Amino acid sequence: MILAITGPTSGIGAITFQKLTPHFEKVLLLARNPKKAQEMIDSLPKEQQAKAIYIHTDLASLDTVVDAVNTIQNKVSHIDVLINNAGGIFHEKTMTKDDFELSLSANHLGHFLLTNKLMPWLLKSSNPKVINVSSEAHKAAKVNFDDLNYKKNSYSAFNAYANVKLFNILFSKSLAERYGEQGLQAFSLHPGVVKTNFASEAGGIFKLFWVLAKPFMISADQGAQTSIYLGKNKIPAAQNGSYFKKSKPAKTSSSANSKSMREKLWYNSERMLEKWM
Ligand SMILES: NC(=O)c1ccc[n+]([C@@H]2O[C@H](COP(=O)([O-])OP(=O)(O)OC[C@H]3O[C@@H](n4cnc5c(N)ncnc54)[C@H](OP(=O)(O)O)[C@@H]3O)[C@@H](O)[C@H]2O)c1
């Protein structure tokens, strides 16, 4: 069994990586910081370290995502579980060098590209799974498909974050819908409100709220539980495409259930990523 995980260098992803590694033969750390990735490999018990392979992947630089996919295809024959965990909220509007708004690229577009390009490798597995780490923040989404990069309207960090976390759920459902008959399962999840490095690049009221809420947050160990549950257990076919909280299917917003939103997101993502797909 082979696992690939984005964002394994901090918080929820770091614990997910450490706790799932014993259950897999190989684990690919898709990360942007080689030093942090090496520290994560070194944090494993000695006998497990040889299982872990660092693959350079910056989700805000789409050429690196394409390179990562090529490297993966040279190193392993298939992938059983892909966990799209990396993400964040960014106070200032920042455009990536590919000219996408940063939270859109780091939370959604990078993962959309990675997953689609890895699809032939996932479909070689007997029970492939894609797990997208979303958030309850998706319930506050207000999506304008005509301005996903905030070129016409003013940027709000929380709105941009809520939107991309909605996209994680829509993307999971689309994957289940498009590839379920070929055996793929896809899930999204809310990890809880978790004390991690999350929001270190936030600002304003949201940052203040986050700092004040820290004493009440759950640990990264607890926050990783649903990712770990979905990553290592056999999940009933009837739950394919579902959104999970506390390791159980949970209710989403009505937008997250909308077929037309799913189709618009897929269409717009493919269009924006044409050059790399
Ligand atoms: N914490 C919460 O309360 C909470 C609640 C709901 C959902 N979530 C979601 O949980 C996931 C994990 O967040 P966390 O709380 O564990 O936060 P975190 O401690 O800040 O970890 C974020 C991870 O994403 C990686 N990352 C960020 N931008 C990237 C990029 N451009 N390319 C590649 N990797 C990138 C980071 O890499 P570096 O180590 O190199 O920075 C890090 O490994 C996120 O998707 C977040 O939206 C968190």
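**View 1. Strand 4 of the predicted model has buried side chains on both sides.** Val81 and Ile83 point one way from strand 4, Leu82 and Asn84 point the other way, and all are buried. The model shown here, and in every view below, is predicted. In a regular strand the side chains alternate between the two faces of the sheet. Strand 4 pairs with strand 1 in the parallel sense, over three bridges. Within that pairing, Ile5 stands opposite Ile83 of strand 4. Strand 4 is also joined to strand 5 by four bridges, and these two strands run parallel. Here the bridge partner of Val81 is Lys129 in strand 5.

**View 2. Strand 1 is enclosed.** Five of the five residues of strand 1 are buried, so this strand is largely enclosed by the rest of the structure. Both faces are covered. Ile2, Ala4 and Thr6 are buried on one side, Leu3 and Ile5 on the other. Strand 1 runs parallel to strand 2, joined to it by five bridges. Leu3 has Val27 of strand 2 as its bridge partner.

**View 3. Eight strands form an open sheet.** The strand order is 3-2-1-4-5-6-7-8, and the pairing is mixed. Strand 3 (52-56) and strand 8 (248-249) stand at the edges. Each has a single partner strand, so one side of each is left without a neighbour in the sheet. Strands of a sheet pair through backbone hydrogen bonds, either parallel or antiparallel. Strand 5 (residues 129-133) and strand 6 (residues 185-190) give a parallel example, with five bridges. In this pair, Val130 stands opposite Ala186 of strand 6.

**View 4. Helix 1 packs on the sheet.** Helix 1 spans residues 11-20 and touches strand 1 (2-6), strand 2 (26-31), strand 3 and strand 4 (81-84). The direction of helix 1 makes about 170° with that of strand 1. Helix 1 is mostly covered, with eight of its ten residues buried. Those buried are Gly11, Ile12, Gly13, Ala14, Ile15, Thr16, Phe17 and Leu20. An α-helix has 3.6 residues a turn, so residues three or four places apart point the same way.

**View 5. Leu30 sits among many contacts.** Leu30 belongs to strand 2. Leu30 is buried because its relative accessible area of 2% falls under the 20% cut-off. Leaving aside residues up to four places away in sequence, Leu30 touches Ala4, Ile5, Thr6, Gly7, Pro8, Ile55, Thr57, Ile72, Leu82 and Leu114. Two of these names appeared earlier: Ala4 and Ile5 are buried residues of strand 1. Leu82 is a buried residue of strand 4. Pro8 is 22 residues from Leu30 along the chain, yet their C-alpha atoms are separated by 7.2 Å.

**View 6. Thr21 lies in a loop and is buried.** The loop in question is between helix 1 and strand 2. Is Thr21 buried or exposed? Thr21 is buried, with a relative accessible area of 0%. Outside the residues up to four places away in sequence, Thr21 touches Val27, Leu44, Gln48 and Lys51. Val27 is the bridge partner of Leu3. The C-alpha atoms of Thr21 and Leu44 are separated by 8.4 Å, with the two residues 23 apart along the chain.

**View 7. Thr96 is a buried loop residue.** Thr96 is found between strand 4 and helix 4 (102-122), in the loop. The relative accessible area of Thr96 is 10%, and Thr96 is buried. Residues up to four places away in sequence are not counted here; beyond them, Thr96 touches Ala60, Leu102 and Ser105.

**View 8. The ligand is surrounded by protein.** Which of the 30 residues around the ligand come nearest? They are Thr9, Ser10, Lys36, Tyr161 and Thr196. Thr196 has a polar side-chain atom 2.6 Å from an oxygen atom of the ligand. Asp58 also approaches through its side chain: an N or O atom there is 3.1 Å from a nitrogen atom of the ligand. Gly7 takes part through its backbone, with a polar atom 3.3 Å from an oxygen atom of the ligand. On its own, the ligand has 900 Å² of accessible area, and the protein covers 94% of it.

Technical notes. Residues numbered from 1 in each chain as written. Predicted model: local features only at pLDDT ≥ 70, side-chain atom pairs only at ≥ 80, totals over all residues. Heavy atoms only, no water. Pairing = 2+ DSSP bridges. Contact = heavy atoms within 4.5 Å. Axes fitted to C-alpha atoms, helices over the stretch in contact; angles between N-to-C directions. Near = heavy atom within 4 Å. Polar contact = N/O pair within 3.5 Å; in protein donor to acceptor, adjacent residues only side chain to side chain. Areas by Shrake-Rupley, 256 points an atom, 1.4 Å probe, with all protein chains shown as cover. Buried < 20%, exposed > 50% of the residue type's maximum accessible area, 1.4 Å probe, protein only.
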